[in-house]
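Biologist: Let us go through the ligand site of this model, one question at a time.

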Amino acid sequence: MKNVDIVIIGAGPAGIGCAVEAKLKNKKVVLLEKSNTICQTLIQFYKDGKRVDKAYKGCEGTNYSHIPFEDGTKESTIQTLDTALKEHNITAELSSEVESVKKENGVFKVSTTKGEYNCKNIIIAIGRMGKPNKPDYKLPSSLNKNINFNANSVQGNEKILVIGGGNSAAEYAVDLASSNQVSLCYRKKEFTRLNDINLKDINDAAHSGTILLKLGVDIDGVEDENGKARVQFNDGTYELYDRLIYAIGGSTPLDFLQKCGIEVDDKGVPVMDTNKQSNVEGIFIAGDIGTKNGASIVTGLNDAVTILKVL
Ligand SMILES: Cc1cc2nc3c(=O)[nH]c(=O)nc-3n(C[C@H](O)[C@H](O)[C@H](O)COP(=O)(O)OP(=O)(O)OC[C@H]3O[C@@H](n4cnc5c(N)ncnc54)[C@H](O)[C@@H]3O)c2cc1C
């Protein structure tokens, strides 16, 4: 368990900007990045050699931050951000996906796949490009509407199979079981990654028969049978479901915000004050995740300046 002033989640332009502005105010920070590199969005979605504009798609063109970002290319932009981290002695904690955020007695406890941090403030700068993990086998495209990666599309009175053994899978299953017929399939024989509350809830639901647990069973494939998902299990059995919900890691930005208790408006944009503080006191929002359709690098850098003025 490490104690820091600020945990910054996401090492894209906004998160890096926040880390630099925080260091300049002598704050003790940790910069957490779920992938194995900084600037994952730029690396994954920008073509090599792409021109990067400072004034992008009608966004603010003046950069008020201490990172000297100018018009350039994909490569020069990543280099500028990487150099800024090095100059301020900041090392991003790579492959550190945040699993949970809890607040106890005014202190946040941030748990990642690699460790835990106590802090007074959190800045969420995870962009809008998060993606849930998908299974190895092919999913029929004709069932796209019935095969989901969150529980937002459930109508009620459905026969649902939730797939996964983590906290999200358990929470989906327990929540949905009040108005649906729910089974949960997990390839391991027992749950090893659940927090105490979810473990109790899922076991209670299984004992009362509200949820059917299929533990130690994997899925070999899924087919479309007259609009239903026909799931072939590796124990030789099969079953038809109205809906499948995969919760096998990865998360969408919206899921992440909800997990932190952050309210979003009807467009999925977090509710914030003028300092970019969310409805959860002490949690701030920087960069694309604070917008409906994404913004720009300068927007993320300037958000960092706004937030660090009040921290
Ligand atoms: C094709 C394309 C071209 C563009 N061209 C330009 C341009 O020319 N000029 C310009 O200014 N802007 C451009 N943009 C927009 C710009 O890339 C974004 O506005 C900017 O990347 C947003 O920065 P961010 O830090 O908010 O989010 P991101 O860059 O998306 O960074 C978020 C980071 O958080 C990490 N992350 C996500 N979830 C978690 C988690 N749970 N835990 C830890 N880490 C997490 C991600 O891996 C990522 O590294 C372009 C965008 C695209 C897609």
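Biologist: Where does the ligand sit?
Modeller: This is a predicted model, in which local features need pLDDT of at least 70, side-chain atom pairs count only at pLDDT 80 or more, and totals for chains, interfaces and linings use all residues. Residues are numbered from 1 along each chain as its sequence is written, and side-chain values use heavy atoms, without hydrogens and water. A pocket is an open set of points on a 1 Å grid over the protein atoms alone, where a 1.4 Å probe fits, with protein on both sides within 12 Å along at least five of seven lines; a molecule sits in a pocket if more than half of its atoms lie within 2 Å of its grid points. By that criterion the ligand is in the second largest pocket.

Biologist: Which elements give two or more residues to the shell around the ligand?
Modeller: Helices (H or I, at least four residues) and strands (E, at least two) are DSSP runs, numbered from the N terminus. Those that qualify are helix 1 (13-24), helix 2 (40-45) and strand 4 (51-52).

Biologist: Which element supplies the largest share of that shell?
Modeller: A residue is near the ligand if one of its heavy atoms lies within 4 Å, and 30 residues surround the ligand. The largest share is 4 residues, from helix 2.

Biologist: Which side chain has an N or O atom 2.8 Å from an oxygen atom of the ligand?
Modeller: A polar contact is a pair of N or O atoms within 3.5 Å. Backbone atoms serve at Lys 34, 3.1 Å from a ligand nitrogen, and at Ser 296, 3.2 Å from a ligand oxygen. The side chain at 2.8 Å belongs to Asp 288.

Biologist: What is the volume of the second largest pocket?
Modeller: Grid points are joined across faces, edges and corners, and the volume is the space filled by probe spheres set on them. For this pocket it is about 1,000 Å³.

Terms used
A polar contact is a pair of N or O atoms within 3.5 Å; within protein, one must be able to donate a hydrogen and the other to accept it, and residues adjacent in sequence count only if both atoms are side-chain atoms. On a 1 Å grid over the protein atoms alone, a cavity is a set of points where a 1.4 Å probe fits but cannot get out, and a pocket is an open set with protein on both sides within 12 Å along at least five of seven lines; lining residues have an atom within 4 Å of a point.
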